[in-house]
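Here is my notebook from a first look through this model. I kept each entry short so that you can follow along.

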Amino acid sequence: MSSNVYPWQALAHSVGGTLRVVARPMDGDWTRAVIEQLSPRVAVVALPHVHWTDGGLVDLSKVSRACADVRAALVVDATQSLGALSFSLSDIRADFVMASTHKWLLGPYGCCPLYCSEEWQRRGQPLEFHEHARAGATSGRDIPFVLPHQAGSGFRGDARAGFGGDAQAGFGMRSFGGGPLVDEEFMNDDVAQLMRRGVASGRGANGGEGQGGEFKSMPYDEEFAPGAIRFDSGGRPNPILLPMVAEGLRQILEWTPEAIHAHSQALCARLNAWARHEGFSLPRQTNHFTGLRRPTNSAEASSAPAEHQWAEQTAWALKAQGVLVAGRFGALRVAPHVYNSDADIDALVSALQLADCLAEAGVAVTRLSRL
């Protein structure tokens, strides 16, 4: 969750904005709680599709319509849902959607597909600056570095110019004619000073047009390639991670997110039916993963340090019995996938009983019956 919070904290600091946090609702209705916080003063709404601790659903279709009413941008972190929960951009009008591949997309750490709306494909500014995102770099071409005395002369250089090209431009390198492209002293001194001062202005130091080492027009073509490619990282041709991502996506498309969700949801419903009978608090709606919480008298108490400790200790006790779940801020998160079965859910419940976790939780221990 923090990856969709830290950037907004930083932005709030930089522009003097306010970060408004939606408190956990007692009735578990995250959709209502979010919409009630919207107003024309809200610029960005940053949400998951499901809450990361227990799978509590946010109806993004309703939220996106409410965002449109107040002209707020909707940014969705779908890491906990994409691949196991249907997501339709025709129904959910989001401005940005991203999802790390290492969870329900069956991929590795280190990759994160991004969708951005057509508006932000035109307006958005990248976090990384590199030539692969520029219009002149299509088909793997290098963008030439145009020096001040070449600007306006029609010189664009060879499409292959640059490192690895036939005519390499840079410190001490050769021009297309075979002679020095630029005096090395100029490159080491004037350009270095220019870069230290910054190149935001195309005017000279005394107010005149760019002269000497100053650029009236920028040396590299700044036009972005069409679409969302401007947001790609510089090292996108990754020969290790991308084939792994592709294989994970291929497998998901073969199984379909709908089938994955139906299987996982049925297993969670089996667990929730038993947990509800034992007095645990559960998400408002069962999805592809769930979270068991001890009953408390307030939403704040459900995330108190004592509840966090209970969830962590319970997860460790279950791990000792060969059952793997996660303690997540007061919730015992259970996330079954296609390789799990009803027998695994029954084993989880048996492990809870054998570890005497229910007694520590203050709820009644009953004999496990077949659900």
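The entries below go through two helices, some salt bridges and a surface patch.

**Ground rules.** I am reading a predicted model, in which local features need pLDDT of at least 70 and side-chain atom pairs count only at pLDDT 80 or more, while totals for chains, interfaces and linings use all residues. I number residues from 1 along each chain as its sequence is written, and side-chain values use heavy atoms, with hydrogens and water left out.

**Helix 8.** I took helices (H or I, at least four residues) and strands (E, at least two) as DSSP runs, numbered from the N terminus. Helix 8 covers residues 305-319, and its 15 residues reach 21 Å from first C-alpha to last, close to the 21 Å expected. The expected span is 1.5 Å times one less than the number of residues.

Next I asked which residues of helix 8 are buried. I found E307, W310, A311, T314, A315 and L318. They cover an arc of only 125° around the axis, so they sit on the same side of helix 8. That arc is taken from the directions from the helix axis to the C-beta atoms. On the other side, P305 and W316 are exposed. My cut-offs here: buried is under 20% relative accessible area, exposed is over 50%, and partly exposed is in between (1.4 Å probe, protein chains only). A reminder to myself: an α-helix has 3.6 residues a turn, so residues three or four places apart point the same way.

**Helix 9.** I checked helix 9 (residues 342-354) in the same spirit. Its 13 residues should span 18 Å at 1.5 Å a residue, and the end C-alpha atoms are indeed 18 Å apart. The buried residues of helix 9 are I345, D346, L348, V349, A351 and L352.

**Salt bridges.** How many salt bridges are there? I count a side-chain nitrogen of Lys or Arg within 4 Å of a carboxyl oxygen of Asp or Glu, and the count comes to eleven.

One of them leads back to helix 9: D346 meets R270 at 3.1 Å, N to O. D346 lies in helix 9 and R270 in helix 7, so the pair ties together parts that are 76 residues apart in sequence. D346 is buried, at 7% relative accessible area, and R270 is buried too, at 11%. I also noted that salt bridges sharing partners join R24, D54 and R293 into one network.

**Around D29.** Where does D29 lie? I found D29 in the loop between helix 1 (6-15) and helix 2 (30-36). D29 is buried, with a relative accessible area of 17%. A polar atom of the D29 side chain lies 3.3 Å from the backbone nitrogen of T31. D29 also forms a salt bridge with R284, with the closest N and O atoms 4.0 Å apart. This pair links distant parts of the chain, as R284 is in the loop between helix 7 (257-277) and strand 5 (290-292), 255 residues from D29. R284 is exposed, at 55%.

Then I looked at D27, whose side chain meets that of R32 in a salt bridge (3.1 Å, N to O). D27 is partly exposed at 39% relative accessibility, and R32 is partly exposed at 33%.

**A surface patch.** Last, I looked up a nonpolar patch on the surface, formed by L106, W255, V338 and Y339, with about 390 Å² of accessible area together. Patches are made of residues with over 30% relative accessible area and no salt bridge, with like charges joined within 9 Å and nonpolar side chains (Val, Leu, Ile, Met, Phe, Trp, Tyr) within 5 Å. W255 lies in helix 6 (residues 241-255) and is partly exposed, at 34%.

Conventions. Areas by Shrake-Rupley, 256 points an atom, 1.4 Å probe, with all protein chains shown as cover. Polar contact = N/O pair within 3.5 Å; in protein donor to acceptor, adjacent residues only side chain to side chain.
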